[in-house]
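The report below describes one protein model for a reader at the bench, beginning with a single loop residue and then widening to the whole chain. Terms are explained where they are first used.

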Amino acid sequence: AFALPSGDIILTDELVTNMPSNMHILAILAHEVGHVEQKHGVRNFFRQAGLFIVFTALLGDIGDISGALTGLPMALLQLDFSREFEYEADTYSAKLLQSQSHSPVLLIEAFEQLEMIHLNETKQAESEQVQSNEPTQPLEIFMTHPLTEKRIQHIESLMAR
């Protein structure tokens, strides 16, 4: 699922068919509404533009080969902003669910289900690659979303308040 800056929310068929219940889909929708309400699409655009301007001012024209290397810090900062937005949307979703007398545990269970689907897909892809003997876990710094375990801890901390 993802939210467009226009406010439209896209749900994939796979997400809908793999959630344990409609209430879990509701929790995911609440998360996506959080992205819309927090204007993450617009904020992301302006952050990217701002970072580009700052890095261009500091480093000059970043269109050459050395620019590819100097673009790495900009990309890593952008990924950090993306993870920040995910935590904000998780918080919004948990509070929205509670305000409607639903438990944020629905969001936790939805994340666990998504994680299980991802792990199954990863295992299947790895079994198709004969050369790979060990699974690889990407470093969080290179991820657009926080680790599921950290997101669950965040939501549980909100519930404890």
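Lys39 is exposed because its relative accessible area is 53%, where exposed means over 50% relative accessible area, buried means under 20%, and partly exposed lies in between (1.4 Å probe, protein chains only). Lys39 sits in the loop between α2 and α3, the latter covering residues 40–59, and its phi is near 55 degrees, a positive value in a residue other than glycine.

The model is predicted, so local features need pLDDT of at least 70 and side-chain atom pairs count only at pLDDT 80 or more, whereas totals for chains, interfaces and linings use all residues. Residues are numbered from 1 along each chain as its sequence is written, and side-chain values use heavy atoms, with hydrogens and water left out.

**Loops and overall make-up**

A second residue with positive phi is Ser101, at about 65 degrees although it is not a glycine. Ser101 belongs to the loop between α4 (65–99) and α5, and it counts as exposed because its relative accessibility is 70%.

The protein has six helices and two strands, which follow one another along the sequence in the pattern β-β-α-α-α-α-α-α; helices (H or I, at least four residues) and strands (E, at least two) are DSSP runs, numbered from the N terminus. Of its 161 residues, 29% count as buried. The protein exposes about 10300 Å², of which carbon and sulfur atoms supply 60%, the areas coming from the Shrake-Rupley method with a 1.4 Å probe and, for residues, with only the protein chains shown counting as cover. Among contacts (heavy atoms within 4.5 Å) between residues at least 6 apart in sequence, 72% join residues at least 24 apart.

**The nonpolar core**

Which residues have the most contacts inside the largest nonpolar core? They are Met19, Ala27, Ile28, Leu107, Phe111 and Ile155, in a core of 13 residues. Helices α2 (22–37), α5 (105–128) and α6 (148–160) each supply at least two residues of this core, and the largest share, five residues, comes from α5. A nonpolar core is here a set of buried Ala, Val, Leu, Ile, Met, Phe, Trp, Tyr and Cys residues joined through side-chain atoms within 4.5 Å.

Phe111 shows what surrounds one of these core residues: leaving aside neighbours within four places in sequence, Phe111 is in contact with Ile28, His31, Asp90, Thr148, Arg151 and Ile155. His24, in helix α2, counts as buried because its relative accessibility is 7%, and, not counting residues up to four places away in sequence, His24 touches Met19, Leu106, Glu109 and Ala110.

**Salt bridges between helices**

The structure holds two salt bridges, each defined as a side-chain nitrogen of Lys or Arg within 4 Å of a carboxyl oxygen of Asp or Glu. Arg151 and Glu86 meet through their side chains in one of them, at 3.1 Å, N to O; since Arg151 lies in helix α6 and Glu86 in helix α4, this pair ties together parts that are 65 residues apart in sequence. Arg151 and Asp90 also meet in a salt bridge, at 2.8 Å, N to O, and because Asp90 likewise lies in helix α4, this second pair ties together parts that are 61 residues apart. Glu86, Asp90 and Arg151 are thus linked in a network of salt bridges. Arg151 counts as buried at 6% relative accessibility, Glu86 is buried with a relative accessible area of 6%, and Asp90 is buried as well.

**Polar contacts of two serines**

A polar contact is a pair of N or O atoms within 3.5 Å; within protein, one must be able to donate a hydrogen and the other to accept it, and residues adjacent in sequence count only if both atoms are side-chain atoms. Two such contacts are listed here.

| Serine | Partner | Distance |
|---|---|---|
| Ser21, side chain | His24, side chain | 2.6 Å |
| Ser157, side chain | His154, backbone oxygen | 2.6 Å |

Ser157 is placed in helix α6 and is partly exposed, with a relative accessible area of 33%.

**A nonpolar surface patch**

Phe2, Leu4 and Ile10 make a nonpolar surface patch of about 230 Å². Patches are made of residues with over 30% relative accessible area and no salt bridge, with like charges joined within 9 Å and nonpolar side chains (Val, Leu, Ile, Met, Phe, Trp, Tyr) within 5 Å. Phe2 is found in strand β1 (residues 2–3) and counts as partly exposed because its relative accessibility is 41%.
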